[in-house]
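Q: Could you take a close look at the local backbone and side-chain details here, and walk me through them in one go? I would like to know where the unusual spots sit and what surrounds them.

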Amino acid sequence: MLIINGNLVTMETPNRIVPGGALYLEEGRIADLGPSAELEAAYPRAERLDAAGRLVMPGLVCAHTHFYGAFARGMALGGEPAANFPEILEKLWWRLDRALWPDDVRVSALVGLVDAIRHGTTTLIDHHASQGRILGSLDQIARAVEQAGVRACLCYEVTDRDGEEATRAGIAENARFIRQTQVRQREGDHRIGATFGLHASLTLSQATLQTCADLARQMGTGFHLHVAEDKADQRESLRRSGLRAVERLQEAGILGPKTIAAHCVHVDRIETEILLDSGTMVVHNARSTMNNAVGTADLPWMLKIGIPVGLGNDGFSNNRFTEMAVAYLAQMQATGDPRTLPAGQVMQMAWDHNARIAHTFFPGLGPQFGQLAQGAPADLILVDYDPPTPLTADNLPWHTIFGIDGSGVDTTIVGGQVLMRHRQLLTLDEAQIMARARELAGKLWQRV
């Protein structure tokens, strides 16, 4: 395929904008790029997709999400509202995940994938829990991902909160799926990735942490878990071990260059140094932390010392442009200083850091993943944006924060496969999925 007449935003270092540019896609990768006239002459027989002046950008990555959270939207629980984060977990999320059945897992994932494709999110790193139906649950999500055509790294959230049998089942589900996925990736399938999921330090015993660390070491994998999202995680870690959450996880062998620590809102300076020294990847979820009223992570400090902080959504919508804008604005609000987090750093988190995080779980995609460059995977989006002021590589971050939006995504392509063309989904039947989701969600709400 030859994509012509686009304004190419390469997201290289340094970033470039190529007006009137074209991309030639072959065997799932970008084989060539340059001025449209030159590539049209070089590839006269290629199928053409006219970008018609739209921005052509690398597909977006969501570095921490929960597909299963889709069925919580609009759910009324009754009783007194949750007064703090532990009550939010107990009154909402832990009740919901115990009530999920296999069809709920698959269809809630499809709901999230419709949303992802519509908003140009082409790779997602999911963190799953369905405590009433653990074994085989990751296969349900994988089937939905394959149907949609995006890329996703999956894991199961191990926790001790529902007893030993459920803990063992969560560990077994991770181990089974990781081994299965490692075989698939060796055979050249780079749509599905896997890692080892843990809930958080506050629901994990020392024995469970040690069991998981030993098993992950044998399989050569890291972890995906919540870290210090709320002060309760720190209080419980100190009660259990006398150590703060990051120190406890480090001592247990959980941290490292293949581990995602989501949130890290309540880590201190010593803990951030441990995260840096261990190579652990941190993922910020701006809308979620605001919604749960748990505080504001010190992103400027973590970025300053060199932690590759990425951006997730923690189950919110996959409009990554909205997540970028909220991450930017929340820092100013928290500090009272409009210089706190420059827009360029937010874009670095969303594209460069997120691509580096995702590459950890999809090493076969190559180091140019997340860029428009020769040899890079053909994961890209066409975005409607008619700038009211000059648009350059230097001022693109501010256009991104204050102008570009995920609702402007016109076309989404992953591995050279068109998943949405001119806002028409090609791999998923949105109306059918939403109708089935409403049916299943109503039954789930009754069980909850």
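A: Happy to, and one yardstick comes first: buried means under 20% relative accessible area, exposed means over 50%, and partly exposed lies in between (1.4 Å probe, protein chains only). This is a predicted model, in which local features need pLDDT of at least 70 and side-chain atom pairs count only at pLDDT 80 or more, while totals for chains, interfaces and linings use all residues. Residues are numbered from 1 along each chain as its sequence is written, and side-chain values use heavy atoms, with hydrogens and water left out.

Let's begin with the backbone. Most residues other than glycine have a negative phi, and most peptide bonds are trans. H263 is not a glycine, yet its phi is positive, at about 85 degrees. H263 sits in strand β12 (residues 260–263); strands are DSSP runs of E with at least two residues, helices are runs of H or I with at least four, and both are numbered from the N terminus. With a relative accessible area of 1%, H263 is buried. N5, also not a glycine, has a positive phi near 60 degrees. N5 belongs to strand β1 and, at 31% relative accessible area, is partly exposed. In the loop between β1 (2–9) and β2 we find P14, which is joined to T13 by a cis peptide bond with omega of about 0 degrees.

Strand β2 leads us to the aromatic rings. The structure holds five aromatic pairs (rings of Phe, Tyr and Trp, the last by its six-membered ring, with centres within 6.5 Å; planes under 30 degrees apart are stacked, over 60 edge-to-face, the rest tilted). In one of them, the ring centres of Y24 and Y43 are 3.8 Å apart and the planes meet at 10 degrees, so this pair is stacked. Because Y24 lies in strand β2 (residues 17–26) and Y43 in the loop between α1 (36–42) and β4 (48–50), the pair ties together parts 19 residues apart in sequence. Y24 is buried, at 13% relative accessible area, whereas Y43 is partly exposed, at 21%.

Rings also meet charges here. R269 lies over the face of W301, 3.7 Å from the ring centre (a charge sits over a ring if NZ of Lys or CZ of Arg is within 6 Å of the centre and within 35 degrees of the ring normal). R447 lies over the face of W101, at 3.7 Å from the ring centre.

Now to the helices. Helices α5 (residues 164–186) and α6 (residues 206–219) have axes that come within 11 Å and cross at roughly 10 degrees, which means α5 is roughly parallel to α6 (under 35 degrees; over 145 is roughly antiparallel, 65 to 115 roughly perpendicular, the rest oblique). The axes are lines fitted to C-alpha atoms over the stretch in contact, with angles from 0 to 180 degrees between N-to-C directions. Among the residues in this contact (heavy atoms within 4.5 Å) are I171 and I178 from α5, and L215 and M219 from α6.

Finally, D139 in helix α4 (residues 137–148) is buried, with 19% relative accessible area. Leaving out residues up to four places away in sequence, D139 touches E173, R176, F177 and Q180.
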